[in-house]
Amino acid sequence: GAGEVREGTLDLRLATRNLDLAGIQKRLHKTQLAGRLALGASPQTQRMTVDLSQQRYQVRFSGALANRVVTVKEAYARAGNAQLATRGKVTLNSLKDFSIDGRLTNFDPAQFGNYPSQLINSRFDAKGRIDPVIQVAGNVQVTDSRFFNMPATATGVFSTRRADHPEVDLNIAMNVGKTRATAKGTLKDPARLEWIAHELTLAGASLDELYKIVSVPLPPTPPYRISGRLLQKANVWEFQKFAGTVGDSDLSGSFVVDRRRSPQFMKADLTSTRLDLADLAGFVGAE
């Protein structure tokens, strides 16, 4: 490309060919993007714009730094019909205040790289600060999507619980196939993804559909509804003090999945005061 410096202002106009995103992240598909980059700087403002494309791929970015505020006017990526668009702002003060909002349209991670295939249509927004402890509040809405090859919708609200610790309270409602889930809980450690759902309710036509969603192999059952407390730490999940119904039977107790083992290990301790054995036929392979 070419550029110039004039009266304290830098202006660069660059072009690129055969830019391979797999060189940045190995799981991304190999690309041969071509297009233009523009960089500019003055004592007051620094700016960058990027516009790259290749057949079914397109990447655009436009951002600037001025008055100690980083503004991303547009960050856009497309692979086939899958699109991601977002924008945001970070203030370079002592708290690092930020805000972001965006949209996923027919988003399928598999179109971008070696990721599981999904179809996501979603809007999201978040705001907060980074220092001295990250604080965040936001919303997510998912409509007309497909998770695990099943129709899906979801809503979520999240906000930091304490000013001195990065705990995040979550309130989530999700429908996937014929499975419905609601959860109110706390992400205890966002870095380690340790999670406690103080109130988790699962309901659906059959427990076996959970295998497609969370890879826990459960047998076919009549319609069910159970509620309890979910605790996740590392690769151990505990569904504690749950109670509900499966068909005409009532069930309560605890259920543990330990994914540190291979194959994963499951243990359940169940109690029933009204048990119809037909409701548990799938567990024992009997009619």
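Contact here means heavy atoms within 4.5 Å. The structure described is a predicted model.

The overall architecture is considered first. The protein contains 2 helices and 18 strands. Its radius of gyration is 24 Å, well over the 19 Å that the globule rule gives for 287 residues, so the protein is more spread out than a compact globule. The C-alpha trace spans about 85 × 45 × 35 Å along the principal axes. Of the 287 residues, 32% are buried. Among contacts with a separation of 6 or more, 32% join residues 24 or more positions apart. The exposed area of the protein is about 17400 Å². Carbon and sulfur atoms supply 55% of that area. Charged side chains number 38 positive and 28 negative. The centres of these two sets lie 6 Å apart.

Strand S10 offers two residues for closer description. The strand covers residues 135-147. Gln135 lies within it. This residue counts as buried because its relative accessibility is 12%, and the cut-off for buried is under 20%. Leaving aside neighbours within four places in sequence, Gln135 is in contact with Phe98, Lys127, Gly128 and Arg129. Its contacts under that condition also include Thr160, Arg162, Ala163 and His165. Gly138 lies in strand S10 as well. Its relative accessibility is 5%, so Gly138 counts as buried. Not counting residues up to four places away in sequence, Gly138 touches Asp125, Ala126, Gly156, Val157 and Phe158. A long span separates Gly138 from Leu270. The two are 132 residues apart in sequence, and their C-alpha atoms are 38 Å apart in space.

The loop between strand S9 (120-129) and strand S10 holds Pro132. A cis peptide bond joins Asp131 to Pro132. Omega of this bond is about -5 degrees. A cis bond also runs from Ser262 to Pro263, where omega is near 0 degrees. Pro263 is placed in the loop between strand S17 (249-258) and strand S18 (265-271). Most peptide bonds are trans, and most residues other than glycine have a negative phi.

Positive phi values were examined next. Arg68 has a phi near 60 degrees, a positive value in a residue other than glycine. The residue sits in the loop between strand S5 (57-66) and strand S6 (69-79). Arg68 is exposed because its relative accessible area is 55%, and the cut-off for exposed is over 50%. Asn106 has a phi near 50 degrees, and this residue too is not glycine. Asn106 is placed in strand S8, which covers residues 97-107. Its relative accessibility is 33%, so Asn106 counts as partly exposed.

Strand S13 covers residues 179-189 and includes Thr179. Thr179 is buried, since its relative accessible area is 5%. The side chain of Thr179 makes a polar contact with the side chain of Glu209. The distance is 2.6 Å. With neighbours within four places in sequence left aside, Thr179 is in contact with Met174, Ala203, Gly204 and Glu209. Leu210, Ile213 and Tyr224 are also among its contacts. Glu209 thus appears both as a contact of Thr179 and as its polar partner.

Ala15 is found in strand S2, which covers residues 9-19. Ala15 is exposed, as its relative accessible area is 54%. Not counting residues up to four places away in sequence, Ala15 touches Gly35 and Arg36. Asp51 lies 36 residues away from Ala15 along the chain. The C-alpha atoms of Ala15 and Asp51 are separated by 9.7 Å.

How values were computed
Residues numbered from 1 in each chain as written. Predicted model: local features only at pLDDT ≥ 70, side-chain atom pairs only at ≥ 80, totals over all residues. Heavy atoms only, no water. Helix = DSSP H or I, 4+ residues; strand = E, 2+ residues; numbered from the N terminus. Buried < 20%, exposed > 50% of the residue type's maximum accessible area, 1.4 Å probe, protein only. Polar contact = N/O pair within 3.5 Å; in protein donor to acceptor, adjacent residues only side chain to side chain. Rg over C-alpha atoms; globule rule 2.2 N^0.38 Å. Areas by Shrake-Rupley, 256 points an atom, 1.4 Å probe, with all protein chains shown as cover. Lys, Arg positive; Asp, Glu negative; His and termini not counted. Charge placed at Lys NZ, Arg CZ, Asp CG, Glu CD.
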